[in-house]
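Visitor: Please take me closely through one part of this structure, beginning with how its strands are paired. I should then like to see how the surrounding elements and side chains relate to it, and what may be noted elsewhere in the chain.

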Amino acid sequence: MSERIIHRGKTLQITIDGKVCSGTYGQTILEIARENDIYIPTMCYLTKVSPITACRMCVVEVEGVDGTVLSCQEKAVDGAVITTDNSELYRHRQNIMKMYDVNHPLQCGVCDKSGECDLQNKTLEFEVSSQEFAAKDLKRKKKSWGILGYDPSLCIMCEKCVHTCNEVIGAAALYIKPGGYKSTIDMKFSRCEQCGDCISVCPVGALVSNEFKYTSNAWEAKKIPASCAHCSSGCSLYYNVKHAGSSDPFGKKITRVTNDFEFSALCGAGRFGFGFENKANGKDEKAFAKAIDAIKNADTIRFNSLITNEEAKALQILKETIGIKLVNEDAKDYQNFLKNYSSITGKSLYSGSNATIAQSDAIIMVGTRISRDNPGVKYATNIATKKQRAQFIYMHPIDDIALQNKYTQFVKYEASSEEGVLALLASYLIKDVPDELKSYFDDLDIGYLSGESSVGEEEYEAIVKKLIRRKNKTLVIGSDLYGHKNAANIAKIVGLIDRCTDFNVVIIPSQTNTLGVSLICDLDDEIGSNVVGYNANGDFIISSDGSGDLQVPALNQQEGTFTSIDKRVLNTNVALEFDGYCLNDIVNQFLEIKVDNTIDYTAILPEDKGFKAINFDDLDNGYDKYGNDLRGYHLDIKDVDVKISLDEVSDINTYNGTVVYRCEPLHQFNTNTAKSLLLQTNKSVRGSLSFATAAKIKEGDTIDITYNGSTTRKKFKIDPTIKGTIALYPTFDDGINSDPIPLGYRFKQVQIKKVEV
């Protein structure tokens, strides 16, 4: 989450330790104290979840109230006079720490948490230098849950891990196994998403990464602030970098990724997928010369959206200088969708964000398998269902087991029927239709669209009922729709819902910097005959993944910015040096006035698209005390010309036979995550038993998948969590080669043939 939920309402004043503090009705004493820089110690409190009340460290005295109160859960009352620290409160907290320290193993020398351990810090803070009592020491068996390791002898049962797993991640994998002094944390492993957020919130060394364990002390690594390079949520993180020793020719390595866990969360890709740097260091002058010649002779640069805004600007300047085409299929589809959406709303960007999703009490999500496409959106949705008790309507041709404990209604529609589904949804949601479109909605063939899409009218009526008395609503649109043959009209319908209802709209950028590229680059539709690939396939390939003809730095080896789903320009920094050429070196060969550094482009990103003339070095990092993300800045939303018109909904041609859906496994997004040794996963096409029966294949078969005359070969795996006759087709392991099943609409009707081996 990049923005905190904002407290709104009537203001109040309380006095804390003699200081008059302002707050808002509904805020707790602890929240107001922290906002006013007043320290109240805690062990179990975590800002991003509901009060846990396990540690009792945060007790305070309130004038006129007998005894003490828990400041983490006690709502502030106007005029209250509060004391946070005196000799009695100190002794109370000291005794709590003595209880925590009972039989706690003294293995700080090898504990991964040593140096950043809450138990260490507060044992010193409250001067627990000796122990007057003991409890029977118990033999507690260590556990290993995939990437995660758990040592119950170190656990203080603060419950932070359980709450973040339930309230933020939404996996509900961790739970408390009760037993008094014998209580431990346990796991339903089948539910675990291996995100590691439980590791980050653990105040001691009870939960650790098995891979990181015993490899480094906390103080040995330098923390480099950065933004996650894997999906468009652009979560805040820190690359922990240390010297690798003389045996490593590169001198430094990333040991782990950490984050500001108090306010934010990371998925498994963000936390464990850090090892994607380009290790092909060194300037290859011959390869560089060939790259320059290749661009001089090329008519097209083909690239993807796994680049910074600055790289996108450099490519755009190259196009303007030498007239070369720029082709990016992903960003072009998104660019067109956003343009058509804006033609209805009159605004250059969509209205919602992850923060508005988290604050919603009603969410409709269409066209995305969100648990795989963008975990940040999934976390925001889970927060809404937990904290706002949101009605969550999930609409997709394939059910998602990861959402089954979150949605209140699943609407299954036929693949390719999205235009009809959105048109009917708009007809039910829009109460005051613009005069020029009344005949359009009156003429909708509801029976036909409902029948062909397999979404009954009663399902739309159920959606409307769920929205009664809901005030904060968000419509989330996914990348299934951008490559649809009728994407332009779908985008206009989405824009109309935004314009004519009280819904916020979020249009999820499908790759790390899809939004930034779509705003910065003038993209072409047709690819030429002589192509240079920039992290993409071409006749000459410039690549950051260690392959290709010329090597350039990966995203964890660059300074620059991304444009996130929150319409925010986020800065990232160099974790590992790259001693070689970069895109700026190439572009400089074609410019009369050279640009010294790639980040010199940061301040000249197009202001007419909402960017601001701010130098890279003036961008902040981290969070403030309110939980606000300080990185970068928000794009300005510009007014655009409005032309309210919709096309007639086309006939729905439903798919028959074998259909696959381009969808990656959990925490796999692209070639970067594919390089991580910690994120290894099954690369097979995954489908149900009914799909296997229809395709005449079985578990473990090698299959040829043919689409438009092109064939690829993969293994097939039966996945009992998938229902229906659509299989999930991964592409993360394909490298930069063109996949026979291309970008565009994610559902493809294919031919499948078993390979006899």
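Guide: Strand 16 (residues 362-366) pairs with strand 19 in the parallel sense, and five bridges join the two. The model in which this pairing is seen is a predicted one. Within the pairing, Val366 has Ile477 of strand 19 standing opposite. Strands 16 and 19 belong to an open sheet of five strands, paired in parallel and ordered 18-17-16-19-20. At the edges of this sheet are strand 18 (409-411) and strand 20 (503-507), each of which pairs on one side only. From one strand to the next, the twist averages 15°.

Helix 9 packs on this sheet, where it touches strand 19 and strand 20, and its direction makes about 160° with that of strand 20. Helix 17 likewise lies across strand 19 and strand 20, running at about 150° to strand 20.

Helix 9 also takes part in an aromatic contact. The structure as a whole contains 16 aromatic pairs. One of these joins Tyr90 and Phe126 in a tilted arrangement, with 5.3 Å from centre to centre and 50° between the planes. Tyr90 belongs to helix 2 (residues 87-101), whereas Phe126 lies in the loop between helix 3 (118-125) and strand 6 (143-145); the pair thus links distant parts of the chain, 36 residues apart. The two partners differ in burial class: Tyr90 has 23% relative accessibility and counts as partly exposed, while Phe126, at 3%, counts as buried. Tyr90 falls outside the buried class because that class requires a value under 20%.

The pair that involves helix 9 is formed by Tyr334 and Tyr482, which meet edge-to-face at 5.3 Å centre to centre, with 85° between the planes. Tyr334 lies in helix 9 (residues 329-345) and Tyr482 in the loop between strand 19 (473-477) and helix 17 (487-500), so the pair ties together parts that are 148 residues apart in sequence. Tyr334 is buried, at 0% relative accessibility, and Tyr482, at 4%, is buried as well.

Other side chains with aromatic rings deserve mention. Phe392, Tyr394, Tyr407 and Phe410 are linked by ring pairs into a cluster. Two lysines lie over ring faces: Lys188 over that of Tyr175, 5.7 Å from the ring centre, and Lys283 over that of Tyr581, 5.4 Å from the ring centre.

A further open sheet has three strands in the order 24-25-26, with antiparallel pairing. Strand 24 (560-563) and strand 26 (633-634) are its edge strands; each has a single partner strand, so one side of each is left without a neighbour in the sheet. Strand 25 (residues 568-572) runs antiparallel to strand 26 and is joined to that strand by two bridges. Val569 has Tyr633 in strand 26 as its bridge partner. Helix 8 (residues 309-322) packs on this sheet by touching strand 24 and strand 25, and its direction makes about 95° with that of strand 24.

Two individual residues complete the account. Asn240 is placed in strand 12 (residues 236-243) and is buried, with 0% relative accessibility. Its side chain reaches the backbone oxygen of Tyr238 at 3.2 Å. Beyond its neighbours within four places in sequence, Asn240 is in contact with a number of residues, among them Ala221, Lys222, Lys223, Thr255 and Val257.

Ile40 lies in the loop between helix 1 (29-35) and strand 3 (59-62). Although placed in a loop, Ile40 is buried, with a relative accessible area of 3%. Its C-alpha is 5.9 Å from that of Cys58, a residue 18 places away in sequence. Not counting residues up to four places away in sequence, Ile40 touches Leu30, Ala33, Cys58, Val60, Ser71, Thr84 and Arg93.

Note on methods. Residues numbered from 1 in each chain as written. Predicted model: local features only at pLDDT ≥ 70, side-chain atom pairs only at ≥ 80, totals over all residues. Heavy atoms only, no water. Phe/Tyr/Trp six-rings, centres within 6.5 Å; stacked < 30°, edge-to-face > 60°. Helix = DSSP H or I, 4+ residues; strand = E, 2+ residues; numbered from the N terminus. Buried < 20%, exposed > 50% of the residue type's maximum accessible area, 1.4 Å probe, protein only. Lys NZ or Arg CZ within 6 Å of the ring centre and 35° of its normal. Contact = heavy atoms within 4.5 Å. Polar contact = N/O pair within 3.5 Å; in protein donor to acceptor, adjacent residues only side chain to side chain. Pairing = 2+ DSSP bridges. Axes fitted to C-alpha atoms, helices over the stretch in contact; angles between N-to-C directions.
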